[in-house]
Amino acid sequence: MPFPQTRMRRLRATRALRGLIRETEISAADLIYPMFVAHGLDRREPIEAMPGVDRLSIAHAVEEVGELAALGIPAVLLFGIPASKDAEGSGAWDDEGIVQLATRAIKEAHPDTIVIADLCLCEYTDHGHCGVLRDVSDGQLTVDNDATLELLARTAISQARAGADLIAPSDMMDGRVGAIRQALDEDGLTDTPILSYSAKFASAFYGPFREAAGSTPSFGDRRGYQMDPANGAEAVRESKLDVDEGADMLMVKPALPYLDVIRRVKDETGMPLAAYNVSGEYAMVKAAVAAGYLDERATVLEALTGIRRAGADVIITYHAKDAARWLQ
Ligand code: PBG
């Protein structure tokens, strides 16, 4: 043995030694569980590409939050599936809308659970885009950034009034964090923080989510407002802009193909940072596990550890319940 002082194996020899020098910990307290709550549903409705995740009625969502709390998971991220959709996405800012009703019911039953309201129009528009459309020339439609800001601000107020603890805009319109902050402040909701989806990439990994939420765009794609997966410096720039506009917390999404972006955004902003381990990342693991190719527990815990090691303070993940059980 020529270089005995470099023998790292000495510190890996036992579980106790490995634990002593471990750099990254994950715990249920770092996890956020996303939930799909559907209007007018009276049962659990499985989502085919996401085994173990269901569309829920409000009553089932309340029940599920009880299970999450018992597992030590502190927060949920709510997505709403409305009864009907229209061109503007008016279900988003309806005070009796699905996210507003679910938020009230969850906060009443479980006041200590943090309810994060996802804020976007794509689940509520009949065309599936994240904002309202404008005809730029001869029937060629584009998402109207500034007209959308006003609708997002209205939605944020409605969600915060319903009791949401955090507002999480996922639409990627320019200037939306500032517009939402201003609207919340003017409404006296100065203490409601904003978790901005600051670096959200135009990703193929959202496929199962769009099936779950029925939010696949009816034409075109989201590349006009979501980010190019090739751009890391731009992700840092976008994140800093959101900080300037008043974001309290930032997010990188998806997580696993963007670990370098998580690290850069964390280092260059110093802000509390969430990473979203999205539906396609979940579906991949589930499919490989079902085929017998991967060990689920080891795979999931390794992936979540990697996301934390990259610099995420919290992880939004559909694996949250299983992970919390394994970590107990
Ligand atoms: C809405 C939104 C999406 C996701 C979260 N919020 C889909 C999209 O942008 O198309 C995806 C989450 C996931 O895949 O788990 N804008």
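How many salt bridges does the count come to in this structure? The count comes to 21. Please keep in mind throughout that this is a predicted model. I will go through a few of those pairs, then one helix packing, one surface patch, and some backbone details.

Salt bridges, then. Side chains of opposite charge can pair when their charged atoms come close. Start in helix α8, which covers residues 259-269. Asp267 and Arg263 are both in this helix, 4 residues apart, or about one turn. Their side chains form a salt bridge, with 3.0 Å between the closest N and O atoms. Asp267 counts as exposed because its relative accessibility is 52%, and the cut-off for exposed is over 50%. Arg263, at 32%, is partly exposed.

The neighbouring position in the sequence reaches elsewhere. Glu268 pairs with Lys240 in a salt bridge, and the N to O distance here is 3.9 Å. This pair links distant parts of the chain, since Glu268 sits in α8 whereas Lys240 sits in helix α7, residues 233-245, and 28 residues separate the two. Both partners are partly exposed: Glu268 has a relative accessible area of 41%, and Lys240 has 38%.

A third pair is Arg223 with Asp221, at 2.8 Å from N to O. Arg223 is exposed, with 63% relative accessibility, while Asp221 is partly exposed at 36%.

There is also a network to look at. Salt bridges link Arg44, Asp54, Glu64 and Lys321. Glu64 falls within the residue range of helix α2, 58-70, which brings me to the packing.

How are α2 and α3 arranged relative to each other? Helix α2 packs against helix α3, residues 98-109, with the axes 9 Å apart and an angle of about 40 degrees between them. That angle makes the two helices oblique, because roughly parallel would require under 35 degrees. As for handedness, the crossing of α2 and α3 is right-handed.

Next, the surface. Met8, Leu11, Leu20 and Ile21 make a nonpolar patch of about 380 Å². One of these, Leu11, belongs to the segment before helix α1, residues 15-20. Leu11 is partly exposed, with a relative accessibility of 34%.

Last, the backbone. Most residues other than glycine have a negative phi, and most peptide bonds are trans. Three places here are worth a look on that account.

Two of them concern phi. Asp138 is not a glycine, yet its phi is positive, about 50 degrees. You will find Asp138 in the loop between strands β6, residues 133-137, and β7, residues 140-143. Met172 also has a positive phi, near 70 degrees. Met172 lies in the loop between β8, residues 166-169, and helix α5, residues 176-186.

Which of these two loop residues is buried and which is exposed? Asp138 is exposed, at 82% relative accessibility. Met172 is buried, because its relative accessibility is 4% and buried means under 20%.

The remaining place is a peptide bond. Lys253 and Pro254 are joined by a cis bond, with omega at about -10 degrees. Pro254 is in the loop between strand β10, residues 249-253, and helix α8. That takes us back to the helix with the Asp267 and Arg263 pair, where I started.

Terms used. Residues are numbered from 1 along each chain as its sequence is written. This is a predicted model: local features need pLDDT of at least 70, side-chain atom pairs count only at pLDDT 80 or more; totals for chains, interfaces and linings use all residues. Side-chain values use heavy atoms; hydrogens and water are left out. Patches are made of residues with over 30% relative accessible area and no salt bridge: like charges are joined within 9 Å, nonpolar side chains (Val, Leu, Ile, Met, Phe, Trp, Tyr) within 5 Å. Accessible areas come from the Shrake-Rupley method with a 1.4 Å probe; for residues, only the protein chains shown count as cover. A salt bridge is a side-chain nitrogen of Lys or Arg within 4 Å of a carboxyl oxygen of Asp or Glu. Buried means under 20% relative accessible area, exposed over 50%, partly exposed in between (1.4 Å probe, protein chains only). Axes are lines fitted to C-alpha atoms, for helices over the stretch in contact, and angles run from 0 to 180 degrees between N-to-C directions. Angles under 35 degrees count as roughly parallel, over 145 as roughly antiparallel, 65 to 115 as roughly perpendicular and the rest as oblique. A crossing is left-handed if the near helix is turned anticlockwise from the far one by less than a right angle, and right-handed if clockwise.
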